[in-house]
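Reader: I should like to learn how aromatic contacts and sheet architecture are read from a model. Please begin with the rings.

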Amino acid sequence: MGPLDNSEIAAAFAELALLCELDGQPRHRAAVFRRAGRALSGLPAPIPAMLEDGRLAQTPGVGAGVLERVGELLSEGRMRELDELGARVGPGPRELVRLRGLGPAGVRRLRRDAEVEDLEGLKAALESGALLELRGWGEAKVARLAEALAQHLEYRGALPRAKALATVRAIEALARARNLEGQCVGGLARGHALVRGARWLVDDLEAWREVLEASGRVTGTWSKRGAITSAPGPGGMRLELLARDPSWPAHELIARTGDAAFAEALRSRVQARGGEGEGFAEWGLSEIPVERREGAEIVERAARGEDLTALEAEDLRGDMHMHTHESDGRDDARAMAEGARALGLDYIAITEHSKHLSIANGLDEARLHAQVEKLRALQGEFSDLQILAGIEVDILPDGSLDLDPDLLASLDWVVASVHTHTQMPGEAMLARVQAAMASGVVDCIGHPTGRRPGQRPAFDLDMEALIASAREHEVALECNGGPNRMDLSDEHCAAAAEAGVPIVVSTDAHAAAHLGRFEFALSMVRRAGLRREQVLNAGELDNLRARRRARKRGVSVAVPTDGATGGSADFDVEAAHAWTIDAAAPSLRVPERSRAAAPEPAPAPEPEPAPQPEPAPQPEPAPQPEPAPQPEPAPQPEPAPQPEPAPQPEPAPQPEPQPIPVPSPKPDPAPTPRPDPLPEPEPTPIPAPAPAPKPEPEPVAIPAPEPVTPDDVPMMGESELAGVAAELRAEPRGEAIKARLKAFVAAPHSDPELREELARVHEDPKRLAISLLMGASFPRG
C-alpha cells in the first residue's frame, strides 16, 4: 500500500471517533479523536516531516496517544484499534449512522430496542410499522427517518467529489512514481459533484492494475465488461481501467472524455468532414472545455462557433468568504492575508460567523466592531492586498439578520446565510431569504440552497423566485467552494447568470491552507459555462464597492430582542466545517498577475470617528442592569422550581400500526441554457460609517442541567445542542458555560489523553467549549 497522506490519516481518526461512539465507549474518547482528526487535516506540511522534526507534538489536539497512533499508521499502514473496532461494530451500523438526524445514539437504540442492524433491517421495520411501537418514536419522527433513508438509498454507491478525488489522487501519485501514463475521464473529470466511479484511459493495463492493488483501495475482485476492467473501491465507487488503443485518432480520445451523447455527436461531426484533424478548430468547432462535454447540443453550439470558454482559476481576483480563529477558523487574519497575497489575489473579505451561531463562536456587535478596527490596522501592512471587513451574518427564521443593521451597513462586505432551521417549508424558507435580500445591507447570499452532495438535498426552495428577488435587490449568489457544499449547483449557477444575477466564487476557507482551493466551486461555474464578466470577484474591487454603495437604501432589518432566535435542533455542524471533513485536494495556486498595468491600491486609512445622526427611536426592551466590563452576573431571583411534567399516558392501543412508506427519489433537474454576460457596474467610493450601539437582548432563563460525574461526558444530541446554544445566548458572554468548563477541567480523569488535552486549553475555556461542542460532546458536570 502506498504512503498515507494527511487527509487519509485525519480520516482514520474521524472514523475511530465514530466507531467509539457506535461501540458505546466513553464519549470523551470520541471527542479527543475527532479533534485530532480536525487538527491533522489542516496541517501546513506532510505529517511524517512534522512528526520527525517535533512540530506535530506541538500541535493543539495532538497528544501522546494520538502521536503513537499516527506512528502506527505511518509504519504499518493501519491502526489495530481501528480494525478491531470496525470488526466489532460491523458495516451495518456504520452505514446507518450516515442517515440524517439519526446519530450514533439513535443507531445504538435501534440495535437495542428494535434489533435493527443495517439499512435493510431499518427499511423492513419502517414498512412493518415496528418503530411506531417504540416509546418516543412518534409518526413525525419515523416519517423523517423514512425520508432520510430514501435520500440515502438514492445516494448509495456514490461519493462526494472531494472524497472521490482523495482516492484518485493517491492512486495517480503511485502511478507517477512508476512513470505510468493515464488520463482520468468520466464524471469526475467533468466536475460532477457526486460520482459513482473513476475511470482512467491507460497505456499499460496490467501495470495500472498493480498500482490500484498496491494502493490498498481495491475492496473486491476484478471484473471485465467489454474493454473496461473494473473493481470496487472505497465507499462503493467503481475503479475502472480502459486500455488506450494507439491507433485511436485524436477525436476518439476526446470523445472518450465526454458522455455517450457527446461522443456520438463528435464522431459524426468529424466523420462528416472526412475524419481528419487533430483538434477542435480543424473539425470546425470552437473549443469545448472538458466540464461541458455532455450531450449532443454542446457539439452543435460549437459548430455554430459559439464561445464556450469558461472561467479559469487565474481569472479570480479575490476571495469573499473566509473565517479566522475569531470565530471557527484556525488561523488569524494576518495569516489569511499573507496566504492570499502569496497566491496573487488582489483582495479578500474576512467574514466571521455572527452571534446567532454561538456554537461556531460567532461575533456579537462589540466583537465585530473590535475586529473591524483590527482589520483596518492590519491593512496598513499590506499595500498590495485589500482586506475587507465583512461578516457571514445569520438569516434568522423570520428573515431578520442577527446583528445591528447599522453596523452591517458600515462593513465592506456582508454575506447572509441560513445555518439553522433548515427543514422549513419551501414558502417560508423563500420568504426568509427574500427578507434578508430586501434589507439593503446584504451583498451576497451564502451557500443559498444548503445542499451537501451525497448527504443532504437542497432546501425546499423555489429557485426561480429566489433568483428573481436577487436580481430585484441587486444581491449576488454565492457558489460556495467548501468541498462538502459546492453550492450553488451548476444548473442554478447557469440560471442565475442567465437572469443577470452575478455569482461570487468563494472557498469558505477556515485556514490559510484552504485559500486558493477554488476547484470545488470552479467545477460548478465551469459546467455552467460562466465567464469572467459573470463572476463578481473576477472583476475589480471598485466594482464590488460600487454595487454595495448603490444597493444600500437605508432599509433596516429589526434586530430580535426576545432571546428566542439562537440555536436550533437542526443546526448543521458538519457543513459549517466542511473544509475540516475532507480537504484532500492540493491548493490551486492562482498565478501571480502583473500589477504594472494598474496603480497599486492604497491601503485603507484608519477610520476616524465621525458624528453619526441619531438613529430613529427603537422600542425600548425591558430595563436591564448595565453590566460593567467583564461583569459578575447580576444577582437574579431564583426561578421558581418547575414541577416535574406529569407522565404521559400510554397511547390507546391501535389495531395495527400504519407502515411508513419510503419516498421515491426525485428526478434530477433538467440542464439550464448557457447564461449571457453581465455588464460590470461603474465604480464609486463607499463611506465607512461607525456602528451604533444597540441594547443587549433580554436573557432567557435556562434551567440548570442535572449534575453528572465528570467522567460521564454524554453525547450531545440535537435537543441538548439547542439547549446549550440557548444557554450561551442567555448568559452574558456564556459565563455559566465557562464556569462549568472550568469545573470540568479541574475534575480528575482517568484517561491520560483527555487530561493532556485539557491541560493544553484550560487557560482558554472559550476555545475548549468550541472544541467540545464541535466534537459533538459536552461536559455537564
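Reader: Is Trp283 buried or exposed in this predicted model?

Author: Trp283 counts as buried, because its relative accessibility is 1%, and burial requires a value under 20%. Phe280 is likewise buried, with a relative accessible area of 4%.

Reader: How many aromatic pairs are there, and how is each described?

Author: A pair of aromatic rings is described by the distance of the centres and the angle of the planes. The count here is two aromatic pairs. Trp200 and Trp208 form a tilted pair, at 5.8 Å centre to centre with 35 degrees between the planes. Trp200 has a relative accessible area of 0% and is therefore buried; Trp208, at 2%, is buried as well. Phe280 and Trp283 form an edge-to-face pair, with centres 5.7 Å apart and planes at 70 degrees.

Reader: Which charged end sits over the ring of Trp222?

Author: That of Arg209, 4.7 Å from the ring centre. The charged end of Lys141 sits over the ring of Trp137, at 4.3 Å from its centre.

Reader: What is the strand order of the open sheet?

Author: Strands of a sheet pair through backbone hydrogen bonds, either parallel or antiparallel. The open sheet of five strands runs β2-β4-β7-β6-β5, with mixed pairing. β2 (182–185) and β5 (223–225) stand at the edges, because each has a single partner strand. Within the sheet, β4 (residues 197–202) and β7 (residues 238–243) are parallel and share six bridges; Arg199 has Glu240 in β7 as its bridge partner.

Reader: Which strands does helix α11 touch?

Author: Helix α11 (residues 205–214) touches β2, β4, β6 (228–232) and β7, and its direction makes about 160 degrees with that of β7. Helix α10 (residues 161–177) lies across β2, β4 and β7, at about 25 degrees to β4.

Technical notes: Residues are numbered from 1 along each chain as its sequence is written. This is a predicted model: local features need pLDDT of at least 70, side-chain atom pairs count only at pLDDT 80 or more; totals for chains, interfaces and linings use all residues. Side-chain values use heavy atoms; hydrogens and water are left out. Rings of Phe, Tyr and Trp (its six-membered ring) pair if their centres lie within 6.5 Å; planes under 30 degrees apart count as stacked, over 60 as edge-to-face and the rest as tilted. Buried means under 20% relative accessible area, exposed over 50%, partly exposed in between (1.4 Å probe, protein chains only). A charge sits over a ring if NZ of Lys or CZ of Arg is within 6 Å of the ring centre and within 35 degrees of the ring normal. Two strands pair if DSSP finds at least two bridges between them. Helices (H or I, at least four residues) and strands (E, at least two) are DSSP runs, numbered from the N terminus. Contact means heavy atoms within 4.5 Å. Axes are lines fitted to C-alpha atoms, for helices over the stretch in contact, and angles run from 0 to 180 degrees between N-to-C directions.
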